[in-house]
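Here is a quick tour for anyone about to load these coordinates into a modelling session. Have a look at the chain and its ligand before reading on.

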Amino acid sequence: MRETIAFDDVLLEPQYSDIKSRSEVDIGSNLGKIMRVDTTRSEAGTSVNVEMREEEINFSVPIISSPMDTVTEAEMAAAMSKSGGFGIIHRYNSIEEQVAMAVSAFDHVAQDTGLAAAIGATGDYLERAIELNKAGVKIFCIDVAHGHHSHVKDALFNLKQKINNVHLMAGNVATLTAFKDLENWGADSVRVGIGGGSICSTRIRTGHGIPTLQSIFDCASVARTAKVIADGGFKKSGDIVKALAAGADFVVLGSMLAGTDETPGEALKKDGKLYKKYRGMASEEAQLDWRGRCSVSEGICATVPYRGRLSSVLAEIEGGVRSGFSYSGARNIGELRARARFLKQTTSAQLESNTHILFR
Ligand code: XMP
């Protein structure tokens, strides 16, 4: 039986560094290329020239906000884009509602690749994608719990028949076999991570899953064209550094961004303190809300402390990530991956790694 590792099982060995300031570090990442079609009329107006060109989809911050109804709607998508990352607008709504969210976010996002929208792999997903694409969406995320599935294969095939020149993200998967299958089925990027999310109960309910860091290592272990989008279980900025060093191109955050002003819903007061709701999309409450029935609950509903503006939460996360790069002597993600040396921690090392001051 193979042993697997989770974020807390490893540390990165500090490396010689000549980085003098964290501002020298570029934590930007790339989602691949998107095809652009430029049409121009001839001067006489008698003919139309069509030119195709490839454009890189670059982000200055490798962070994506999760497509959950307590995390990403228009306001979060706009704020994520402003911060240099991007948000995936969730799909637990009508097509009209989701299109309205995308249109509203686009008012604050200048580039059409500055936000993404989630769709399913069955039901109205094709119509949803077509309408979102008409509204300008270029990045789609096929967002299902078990992405290594024939539904996802069919959905990727059908989307490619109907929509051109877009980026297709799909998932979630946990194994290299699944990653490679989704890549072969046409996914431009693959969400990697099953059951590791803070509000997930999939592993408890079904006995299935793989620690997210292990899945990242596995999926990034071979040559690939699809990007690795690590998802679920990030608790602190150090986990993000470990994920990027292990081969992730981006990380998806839920709980680390939950409770901010830009998440949907109001802050609630309890015992003089403010909280916001954060729930798994497969929790009983969420399922009842979006489809009126619950089959098997694989998530929980929680409240998290209210945390103010997203920009300040992200600034703290980004500061930690930049600092992490400099501890590895790395100026960018490529250098981080090349230089990273992972060490396994014993249980007593884990205790030492966490703050452990003794009060007497
Ligand atoms: P974090 O740890 O960032 O995880 O809060 C967010 C990710 O968790 C996934 N997700 C779920 N997984 N049951 C699950 O097993 C659920 O109800 C659920 N809701 C969200 C999703 O991948 C998200 O990005």
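How far does a polar side-chain atom of Ser66 lie from an oxygen atom of the ligand? The distance is 2.7 Å. Keep in mind that this is a predicted model.

## Around the ligand

Ser66 isn't on its own in reaching ligand oxygen: a backbone N or O atom of Gly233 lies 2.9 Å from an oxygen atom of the ligand, and Gly254 also puts a backbone N or O atom 2.9 Å from a ligand oxygen. As for coverage, the ligand on its own has 520 Å² of accessible area, and the protein covers 90% of that.

The surrounding shell counts 23 residues, and the closest of them are Cys200, Thr202, Asp231, Tyr278 and Glu298. By class, the shell splits into twelve polar residues, eight nonpolar and three charged.

## The second largest pocket

If you want another spot to look at, try the second largest pocket, with a volume of about 440 Å³. It is lined by 20 residues, and those closest to its centre are Leu11, Leu12, Gly238, Asp239 and Lys242. The lining is made up of nine polar, six nonpolar and five charged residues. The general idea behind such a search is simple: roll a water-sized probe over the atoms and you find where empty space is left.

Which elements build the wall? Strand β1 (10-12) and helices α8, α10 (310-327) and α12 (347-353) each bring at least two lining residues. Helix α8 gives the most, with five.

## Helix α8

Helix α8 covers residues 237-246, and nine of its ten residues are buried, so the rest of the structure largely encloses it. The buried set is Ser237, Asp239, Ile240, Val241, Lys242, Ala243, Leu244, Ala245 and Ala246. Two of those names, Asp239 and Lys242, also turned up among the residues closest to the centre of the second largest pocket.

Just past the end of α8, Gly247 takes a positive phi of about 125°.

## Asn172 and its cis peptide

Is Asn172 buried or exposed? With a relative accessibility of 7%, Asn172 counts as buried, since the cut-off for that class is under 20%. Asn172 sits in strand β8, which runs over residues 167-173.

The Asn172 side chain has polar company. One polar contact, at 3.2 Å, links it to the side chain of Arg191. A polar atom of the Asn172 side chain also lies 2.9 Å from the backbone oxygen of Gly193. Then there's the backbone: the peptide bond between Gly171 and Asn172 is cis, with omega about 5°. For context, most peptide bonds are trans, and most residues other than glycine have a negative phi.

## Positive phi outside glycine

Two residues other than glycine take a positive phi here. Asn165 has a phi near 60° and is found in the loop between α4 (150-162) and β8. At 28% relative accessibility, Asn165 counts as partly exposed.

Asp271 has a phi near 50°. Its loop is the one between β12 (268-270) and β13 (273-279). Asp271 counts as exposed, because its relative accessibility is 78% and the class begins over 50%.

## Two residues and their partners

Ser201 belongs to the loop between β9 (189-192) and α6 (202-206). It is buried, at a relative accessible area of 10%. How many residues separate Ser201 and Tyr92 in sequence? The answer is 109, while in space they are 19 Å apart, C-alpha to C-alpha.

Glu56 has its place in strand β3, residues 48-59. Its relative accessible area is 38%, so Glu56 is partly exposed. Glu56 and Gly32 are 24 residues apart in sequence, yet their C-alpha atoms are 5.8 Å apart in space.

Notes
Residues are numbered from 1 along each chain as its sequence is written. This is a predicted model: local features need pLDDT of at least 70, side-chain atom pairs count only at pLDDT 80 or more; totals for chains, interfaces and linings use all residues. Side-chain values use heavy atoms; hydrogens and water are left out. Buried means under 20% relative accessible area, exposed over 50%, partly exposed in between (1.4 Å probe, protein chains only). Helices (H or I, at least four residues) and strands (E, at least two) are DSSP runs, numbered from the N terminus. On a 1 Å grid over the protein atoms alone, a cavity is a set of points where a 1.4 Å probe fits but cannot get out, and a pocket is an open set with protein on both sides within 12 Å along at least five of seven lines; lining residues have an atom within 4 Å of a point. Grid points are joined across faces, edges and corners, and a volume is the space filled by probe spheres set on the points. Ala, Val, Leu, Ile, Met, Phe, Trp, Tyr, Cys and Pro count as nonpolar, Asp, Glu, Lys and Arg as charged, and the others, Gly among them, as polar. A residue is near a molecule or strand if one of its heavy atoms lies within 4 Å of it. A polar contact is a pair of N or O atoms within 3.5 Å; within protein, one must be able to donate a hydrogen and the other to accept it, and residues adjacent in sequence count only if both atoms are side-chain atoms. Accessible areas come from the Shrake-Rupley method with a 1.4 Å probe; for residues, only the protein chains shown count as cover.
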